[in-house]
Structures are given as structure tokens and as C-alpha cells.
Amino acid sequence: MLTSNMGLRFMSYPQNLLTKFSSLSPVTAFPSIKTVKGAFSCSCCVVCQFNLDDFSSKKRHLERVYSTNSNGKFSNKQFISVDSELYDYILSNVREPEILGQLREETASMRASKMQVSPDQAQLLAMLVQILGAKRCIEVGVYTGYSSLAVALVLPESGRLVACDRDLECLEVAKRYYELAGVSHKVDVRHGLAADTLKSLIANGEASSYDFAFIDAEKRMNEEYFELLLQLVRVRGLIVIDNVLWYGKVADPMVDDKMTDSIRRLNKKIMEDDRVGISMVPIGDGMTICQKR
Ligand SMILES: C[S@@+](CC[C@H](N)C(=O)[O-])C[C@H]1O[C@@H](n2cnc3c(N)ncnc32)[C@H](O)[C@@H]1O
């Protein structure tokens, strides 16, 4: 069973905004909320067209809906926060293959299990691979194999996933699950520093031959991984980068640690990089999907 209490990573949207608004009356905070026949309904939030007939659900609803126009790009665009209740609902709508559920449960008791991507993220990665018709993929940061297995499961029989990680113990778990799932023939496990593996693929003449890459390893190395993968991925291929929102710290001016700064720097660089089309997606801890031009 998928629940948000199982050590999964997900973004809870701006807690600072939530605190800020909780002291205001609902109508003050959200002028678009109106009373209809004694019940509250939200008139313009496309995701919440339901009546709210008790105070706690009203309050929950209000706490999830925000408006923003702070950078002038949107005219009072509304967006929702994802709290654990709503996230449980999202997870209940994820189609997680049984073998991935088993791996997730085994990993839950392991050291640093929160590193694993969430089921909704894995589902999105698998869908991107399928939409692309990808045959050749790379993953930087395998851990126990959850995201790589999700990708390998949807690759065609002739597909290949180069799976890079420096942790042999974790890779042993991943390899066991590739075997169990019957996909080990599609996965080329590379133990070692990911940058070295990527450089060796380039040296081997494999530039521009990959369809899809996923970056989920040491965050401060992301810029180097991105540059190497830009060489390895073909035009119109995808590079997906995980943890781009870094638990919301990227948007918090009070945070200036090295890790957060390096993520901010790469986000800015990619934003200005016309070698790729981009979409920053608030799923899990935030993923940016880059398409090579
Ligand atoms: C966030 S976890 C990956 C999670 C994985 N994508 C999943 O969904 O289960 C990061 C992984 O990157 C690996 N890693 C960190 N730095 C690395 C490096 N320089 N080279 C190779 N692997 C590295 C760690 O050993 C760890 O297993």
C-alpha cells in the first residue's frame, strides 16, 4: 500500500505562506472563495470544484489554495499546496507495479531510504521513457534501484539502461530486483564514480546516442552530470534532474548553504540555457525535464 508516511519524499508547498495566511479570515486571504447556499465553494480553482460543508475541510481547502503574482508572470494564478492527506490521495492514484512495491518496502528499512524517488515520480519517469520511445537510457544515482527498475520495466526487450552508482552494497539490492523483475538483460550496471562512467561512454564514441537520462546523485556534481549528459543524449532526447526544489530551500532567502546554492545556480543556468527546452515540475522534491535542442 502506498502512503505518505512511508518515508517517501514529497514537496509540501510553501509552509511560510501557509503560516502567513492561517491568521487571516478565509475571505480576507482568498477573495475568490464565496458562500453558496450555506456551503463554501471555490469559484475559480479548477482542481477544487466541490462543496465544503464543514469547517475543517473548508480550512484544509483554504490552506491548500494560494494565489501568486509576485514575479509578474501570472495574473493571480491559483495553485495548490500538497499536504500529507492530499499526497496520500495522489499516491492512491499511482499504478505501481508489484515488484516496485516490494523493492520500496524492502528499501524502507534501509539506511537513507528517503533518497528513493516517490512512486508518482517513478511513474512519470516511466511515462516519459514510453512517450519518447526510448531505447537507450542512463541513470546517475541508482541507490537500491527503484527509479531504474521503473524505467527498465517499460524499456523494450532490446532497450538498455546504463545504471551508475558508487555504492556496491546498494547496487547488489538493485541487481537482485532487476533479476526478480526479469529485466537484468536490459540493465548495464556501472559501479564507480558516475562522472567517470559518463566520460568513458563519451570516449567510447557513444555521444548523441542516448534517448533519456535521469540525474539523481550527488547534487553538487549536477552541473557536471548535466554537461556530460548533454553530450550523450541525442537531439530531442530528455535529461531529467531530481531535487531541483530542495525541500523548498531554493526559494527561501534565509538559506544560503553550499548545497542549496549549487542547486539554485544550476536551476538558473538551465533557465538561461537555450540548448534545452525546460519544464520544472513540482513533483516529489521537484524535477526539471530538459529536452535537448
Ligand atoms: C538519491 S540516491 C538515488 C535514488 C534512486 N534514483 C532511487 O530512486 O532509488 C543517490 C545515489 O547516488 C549515489 N551517488 C552519489 N554520488 C555519486 C557519485 N559521485 N557517483 C556515483 N554515484 C553516486 C549514491 O551512492 C546513492 O545511491
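In this predicted model, strand 5, which spans residues 136-140, pairs with strand 6 in the parallel sense over five bridges. This pairing is a convenient place to enter the structure, and the account below works outward from there.

**The sheet**

Strands 5 and 6 belong to an open sheet of seven strands, arranged in the order 7-6-5-8-9-11-10 and with mixed pairing. At the edges stand strand 7 (187-191) and strand 10 (276-281), each with a single partner strand, so that one side of each has no neighbour in the sheet. From one strand to the next, the twist averages 15 degrees. As a general matter, the strands of a sheet pair through backbone hydrogen bonds, in either a parallel or an antiparallel manner.

Three of the pairings can be set side by side, each with a pair of residues that stand opposite one another.

| Strand pair | Sense | Bridges | Residues standing opposite |
|---|---|---|---|
| Strand 5 and strand 6 | parallel | five | Glu139 and Ala163 |
| Strand 5 and strand 8 | parallel | four | Cys137 and Phe212 |
| Strand 8 and strand 9 | parallel | five | Phe214 and Val240 |

How many of the residues of strand 8 are buried? Six of the six are, and strand 8 is therefore largely enclosed by the rest of the structure.

**Helices against the sheet**

The protein has 11 helices as well as 11 strands, and some of the helices can be placed directly against the sheet. Helix 6 (residues 119-132) lies across strand 5, strand 8 (210-215), strand 9 (233-242) and strand 11 (287-292), and runs at about 165 degrees to strand 8. Helix 8 (residues 168-181), in turn, lies across strand 6 and strand 7, with an angle of about 170 degrees to strand 7.

Helix 10 (residues 222-232) has Asn222, Tyr225, Phe226, Leu228, Leu229 and Leu232 as buried residues, and what covers them includes strand 5, helix 9 (194-203), strand 8, strand 9 and helix 11 (258-271). Helix 7 is largely enclosed by the rest of the structure, because seven of its nine residues are buried; these are Tyr146, Ser147, Ser148, Leu149, Ala150, Val151 and Ala152.

**Burial and the nonpolar core**

Over the protein as a whole, 36% of the 293 residues count as buried. Among contacts between residues at least 6 apart in sequence, 67% join residues that are at least 24 apart. In soluble globular proteins, nonpolar side chains tend to be buried together. Here the largest nonpolar core has 61 residues, and those with the most contacts inside it are Leu125, Cys137, Ala213, Ile215, Leu229 and Ile239. Leu229, a buried residue of helix 10, touches Ile138, Leu198, Ala213, Ile215 and Ile239, when residues up to four places away in sequence are not counted.

**A buried charged residue in strand 5**

Glu139, which is found in strand 5, is buried, with 28 other C-beta atoms within 10 Å. Which residues is Glu139 in contact with, leaving aside its neighbours within four places in sequence? They are Ser147, Ser148, Val151, Leu161, Ala163, Cys164 and Phe214, and among them Ser147, Ser148 and Val151 are buried residues of helix 7. Glu139 and Val162 are 23 residues apart in sequence, yet their C-alpha atoms are 6.2 Å apart in space.

**Around the ligand**

The ligand is surrounded by 20 residues, of which the closest are Met115, Gly141, Tyr143, Ser147 and Glu218. By class, this shell has 11 nonpolar, four polar and five charged residues. Helix 7 (146-154) and strand 6 (160-165) each supply at least two residues of the shell. Ser147 thus joins two parts of this account, because this residue is among those closest to the ligand and is also one of the buried residues of helix 7.**Two positive phi values**

Most residues other than glycine have a negative phi. In the loop between strand 9 and helix 11, Asn243 has a positive phi of about 65 degrees although it is not a glycine, and Asn243 counts as buried, with 23 C-beta neighbours inside 10 Å. Trp246, placed in the loop between strand 9 and helix 11, has a positive phi near 45 degrees and is buried, with 21 other C-beta atoms within 10 Å.

Note on methods:
Residues are numbered from 1 along each chain as its sequence is written. This is a predicted model: local features need pLDDT of at least 70, side-chain atom pairs count only at pLDDT 80 or more; totals for chains, interfaces and linings use all residues. A residue is buried if 20 or more other C-beta atoms lie within 10 Å of its own, exposed if 12 or fewer, and partly exposed in between; C-beta atoms are placed from the backbone. Two residues are in contact if their C-beta atoms, placed from the backbone, lie within 7 Å. A residue is near a molecule or strand if its C-beta atom, placed from the backbone, lies within 6 Å of it. Ala, Val, Leu, Ile, Met, Phe, Trp, Tyr, Cys and Pro count as nonpolar, Asp, Glu, Lys and Arg as charged, and the others, Gly among them, as polar. A nonpolar core is a set of buried Ala, Val, Leu, Ile, Met, Phe, Trp, Tyr and Cys residues joined through C-beta atoms within 7 Å. Two strands pair if DSSP finds at least two bridges between them. Axes are lines fitted to C-alpha atoms, for helices over the stretch in contact, and angles run from 0 to 180 degrees between N-to-C directions.
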